[in-house]
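Biologist: I would like to go through the packing, the backbone and the cysteines of this protein. Please show the sequence and the structure before we begin.

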Amino acid sequence: MEVQMAGGAAGEDRVQAVCSEENKWLFCAIYDGFNGRDAADFLAGTLYETIMFYFSLLDWQSNLDVPRPSSGLNANGNASADPKLEVLSDSFRHGVLDSLQRALSQAENDFLYMVEQEMEDRPDLVSVGSCVLVMLLHGKDLYTLNLGDSRAVLATYDEGNDMGHSERLRAIQLTDSHTVDNEVERTRLLQEHPDDSMAIVAGKVKGKLKVTRAFGVGYLKKKNLNDALMGILRVPNLISPPYISTEPSLNVHRISMSDHFVIVGSDGLFDFFSNEEAVKLVHSYISRNPFGDPAKFLVEQLVIKAAYSAGFSKEELMNIPAGRRRKYHDDVTVIVIILGTNHRTSKAST
């Protein structure tokens, strides 16, 4: 089989992992839904296939008139890089990022069209949304696309230091946090709505959401979708929509020998652990258990910390029904990708 797929669900979270031997890439995605599961379910059912469509166009175009690598040697006896190939590589990377963005935009348009068709029978759909985090590992290139507050965190060794000491590992966040707590996002939102003195109310966009960018949530993007809501659910004074952006943050990181692993997690993970704490926990675990499941371990540590914070034992917290347990911790989905020649992936949810 050329493609192996794994999917999962935890509350309103959805997770995908696809390893394509044919295309030599690893695709991982976390869809952290809110106000219902419909948006996350829609993404899990459509986004990967939409991305593949745009990638097929990219592959077809990039294979035209590809210059062959130079076999020449430079003055030091090393193979010299062909400038045309370097330009082609940069162009291809931009093409990948553009394809990811176009696929997300199409998925958003398709979802909001579906909402408009069904909102008479299901007005709740206009408030359903999801954060989006997509990660694609292709060769040495690690691409990320994100909307919202899920994170991809790279653990990398400081150059020149002896590998194997967790204190020598650095945590590098590869994604942006799209929340009103991020001063850059807060400033952007206020600048885009100069005539609305209530764009941010009580630390939330229009008093409704902490995230400033998200998939779905049509009632904060289109007046007619907001009008579908009744009474107090409707947002008053929707002066200048959209208030929630669907413009993703895009990044490509070139994997080096110093890079050790990547943690991909929904925001619930980072309610309890900083980037550095999460990296230290994962490194400590895989040092002791090279064939173990670091994602599961990280989720278990979160549950222990959440239980302690609430004054429970781990067992007492886990015995609380999932819906009520959200009072003590959010839905959490974690994927850990071990880099290097023995790269592997583990994922866990709670």
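Biologist: Which residues does phenylalanine 27 touch, not counting residues up to four places away in sequence?

Modeller: This is a predicted model, and contact here means heavy atoms within 4.5 Å. With residues up to four places away in sequence not counted, phenylalanine 27 touches Gln16, Ala17, Val18, Tyr48, Ile51, Val134, Met135 and Leu136.

Biologist: Which element gives the largest share of the largest nonpolar core?

Modeller: The largest nonpolar core has 55 residues, and Phe27, Leu47, Leu100, Val132 and Phe215 have the most contacts inside it. Two or more residues of this core come from each of β3, α1, α2 (83-118), β4 (129-138) and β5 (141-147). The largest share is 11 residues, and the element that gives it is α1.

Biologist: How many residues are in the other core, which lies apart from it?

Modeller: Ala155, Phe272, Phe297 and Val332 are among the residues of this other core. Its number of residues is 26.

Biologist: Which peptide bond is cis, with omega near 5 degrees?

Modeller: Most peptide bonds are trans. One residue of the cis bond, proline 242, lies in the loop between α4 (223-226) and β11 (249-254). The cis bond runs from proline 241 to proline 242.

Biologist: Is asparagine 35 buried, partly exposed or exposed?

Modeller: Asparagine 35 is found in the loop between β3 (25-34) and α1 (38-62). Although not a glycine, asparagine 35 has a positive phi of about 60 degrees. Its relative accessibility is 42%, so asparagine 35 counts as partly exposed.

Biologist: Is lysine 206 buried or exposed?

Modeller: Lysine 206, also not a glycine, has a positive phi of about 50 degrees. Its place is the loop between β9 (204-205) and β10 (215-216). Because its relative accessible area is 9%, and the limit is under 20%, lysine 206 is buried.

Biologist: How many disulfides does a search of the whole structure find?

Modeller: A disulfide requires a pair of cysteine sulfur atoms within 2.5 Å. The search of the whole structure finds a number of disulfides equal to zero.

Biologist: How far away is the nearest cysteine sulfur to that of cysteine 19?

Modeller: Cysteine 19 is in no disulfide. The nearest cysteine sulfur belongs to cysteine 28, and its distance is 9.1 Å.

Biologist: What is the relative accessible area of cysteine 131?

Modeller: Cysteine 19 is partly exposed, with a relative accessible area of 33%. Cysteine 131, by contrast, is buried, and its relative accessible area is 2%.

Notes: Residues numbered from 1 in each chain as written. Predicted model: local features only at pLDDT ≥ 70, side-chain atom pairs only at ≥ 80, totals over all residues. Heavy atoms only, no water. Buried < 20%, exposed > 50% of the residue type's maximum accessible area, 1.4 Å probe, protein only. Helix = DSSP H or I, 4+ residues; strand = E, 2+ residues; numbered from the N terminus. Core = buried A, V, L, I, M, F, W, Y, C linked by side-chain atoms within 4.5 Å.
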